[in-house]
Amino acid sequence: MKPETIAIHAGNFVKSATGDVTPPLSLSTTYLRDENGGYPGGHMYSRVSNPNRSSLEQLLTELEHGAEACAFSSGNAAGMAVFQALKPGSHIIAPDDMYWGFKKQLQSIFADILTIDFIDLTHTEGIEAYIQPNTVMIWIETPSNPLLKVTDISALSTITKKHNLILACDSTFASPCLQNPITLGADIVMHSTTKYIGGHSDVLGGALVTAKADDLWARIRNIQQIGGAVPSPFDCFLLVRSIKTLPYRMRGHCANANTLANFLAQHPKVDAVYYPGLTSHPQHSIAKSQMSDFGGMLSVLVKGGFDNAKTVVNNVHIFAQATSLGGVESLIEHRASVEGPDTKTPQNLIRVSVGLEHIDDLIADFDQALALIN
């Protein structure tokens, strides 16, 4: 089935006595046992599994063409479950512009447990030089946050298979409707479901989908169920509901972002625009080959420095100055001030999550804010 059909129907396998077309919300934390001690309904305790989480996990599995999925209470919890599943002393290769939340995890929580090299993964020809005897994983993020770098998933898969490594891909910026890393050779795909999958800035969540249910996946599933960083039934219910419109929402996000990126790329107050859909993007051809469209995220380098960037984000009217991304509303953010004093993000970079408002209004709003800077 096509993504539009999967999004609407794959999560509807939960049956109810009343014949609900949409899976009902099941709030029970515990489930009846039969006279032999079994669980005829398939669930024991809500931390381990529940109907709404099973529905969400089945839906994400089918959208990503995987074997199984694990849903978590946040994107950070999902990513951390992968790192927790690795043996102490393991070495990871990760992108130099890795999402700051994961980078902070690796540099603080896992500082004495794992070793990490942060490198530019867009230069695939140099990656093998960083592989050590204890290297177990290459973690990629494509498109990346906030520089919108694109990593060649198939090329990295060739390297990881050659060296018997795990290839994990943070595909949050793309969503399952634009990119399916497993079909390109990735072993695990990660999403912050808070973002495009939720799509309405009203639910927190994360998910992992695996290409195969192997020993690593068994450890990740155990961390999910025993560690307990799981989404509530209501969170899962909201995500399944939101996914039904995901393919159509992504079309609007992509169309608006492409138009805004092209407008800003020609603007006299802008130094550069990072957007994979622009032919000027250094990895445009790779993005075109592995994505069905280029996404709703872009970053802008305004002329000048910190002060000009802050002037722009403080003077837009439709764009909400807030963190996060992927909601129906457009968001704008001076990213370096979020990431802290050790950030390598340029001080004149503005990250934009392009929403579903009318594109003419978005362009006009950005244009009037840019007019206020020197």
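**A walk through the aromatic cluster, the cores and the domains**

Tyr-99, with a relative accessibility of 22%, counts as partly exposed. This and every other statement here refers to a predicted model. Trp-100, which follows in the sequence, is likewise classed as partly exposed, at 27% relative accessibility, and both residues belong to one aromatic cluster, whose other members are Phe-83, Phe-102, Phe-110 and Trp-139.

Across the whole structure, a search finds eight aromatic pairs. One of them joins Phe-83 and Phe-102, whose ring centres lie 6.2 Å apart and whose planes stand at 90°, so the arrangement is edge-to-face. This pair connects distant parts of the chain, because Phe-83 sits in helix H3 (residues 75-84) and Phe-102 in helix H4 (residues 100-109), 19 residues apart. Phe-83 is buried, at 1% relative accessibility, and Phe-102 is also buried, with a value of 1%. Tyr-99 and Trp-100 make an edge-to-face pair as well, with 6.4 Å from centre to centre and 70° between the planes. A further aromatic residue, Phe-118, has Lys-103 lying over its face, at 4.8 Å from the ring centre.

Helix H3, which carries Phe-83, has seven of its ten residues buried, so this helix is largely enclosed by the rest of the structure. Those buried residues are Gly-75, Ala-77, Ala-78, Gly-79, Ala-81, Val-82 and Phe-83.

From here the path leads to the domains and the nonpolar cores. The protein chain is divided into domain 1 (3-242) and domain 2 (246-371), and the C-alpha centres of these two domains lie 26 Å apart. Where they meet, 34 residues of domain 1 are in contact with 37 residues of domain 2, and the two domains bury about 2,900 Å² between them, of which 62% is on carbon and sulfur atoms.

The largest nonpolar core holds 62 residues, and the members that touch the most others are Leu-260, Leu-264, Leu-298, Val-312, Ile-332, Val-352 and Phe-366. Helix H8 (residues 246-265) is the main contributor to this core, giving seven residues, while each of domain 1 and domain 2 supplies at least three residues to the core. Leu-260 shows how such a member is surrounded: when neighbours within four places in sequence are left aside, Leu-260 is in contact with Leu-298, Phe-319, Val-352, Val-354, Ile-359, Ile-363 and Phe-366. Apart from the largest core lies another one, of 26 residues, including Val-82, Ile-92, Ala-94 and Met-137; Val-82 has already been met as one of the buried residues of H3.

Some details of the backbone remain, and they are found in loops. In the loop between strand E4 (135-141) and helix H5 (153-162) lies Pro-143, and the peptide bond leading from Thr-142 to Pro-143 is cis, with omega near -10°. The loop between E4 and H5 also holds Pro-146, and the peptide bond from Asn-145 to Pro-146 is cis too, with omega near 10°.

Two residues that are not glycines have a positive phi: His-65, at about 55°, and Ser-175, at about 70°. His-65 is placed in the loop between helix H2 (51-63) and strand E1 (68-72), whereas Ser-175 occupies the loop between strand E5 (166-170) and strand E6 (188-191). In terms of accessibility, His-65 is partly exposed, with a relative accessible area of 43%, while Ser-175, at 1% relative accessibility, counts as buried.

Definitions and conventions:
Residues are numbered from 1 along each chain as its sequence is written. This is a predicted model: local features need pLDDT of at least 70, side-chain atom pairs count only at pLDDT 80 or more; totals for chains, interfaces and linings use all residues. Side-chain values use heavy atoms; hydrogens and water are left out. Rings of Phe, Tyr and Trp (its six-membered ring) pair if their centres lie within 6.5 Å; planes under 30 degrees apart count as stacked, over 60 as edge-to-face and the rest as tilted. Helices (H or I, at least four residues) and strands (E, at least two) are DSSP runs, numbered from the N terminus. Buried means under 20% relative accessible area, exposed over 50%, partly exposed in between (1.4 Å probe, protein chains only). A charge sits over a ring if NZ of Lys or CZ of Arg is within 6 Å of the ring centre and within 35 degrees of the ring normal. A nonpolar core is a set of buried Ala, Val, Leu, Ile, Met, Phe, Trp, Tyr and Cys residues joined through side-chain atoms within 4.5 Å. Domain bounds come from an automatic or database domain assignment. Contact means heavy atoms within 4.5 Å. Buried area is the accessible area (1.4 Å probe) that two parts lose on being put together, summed over both.
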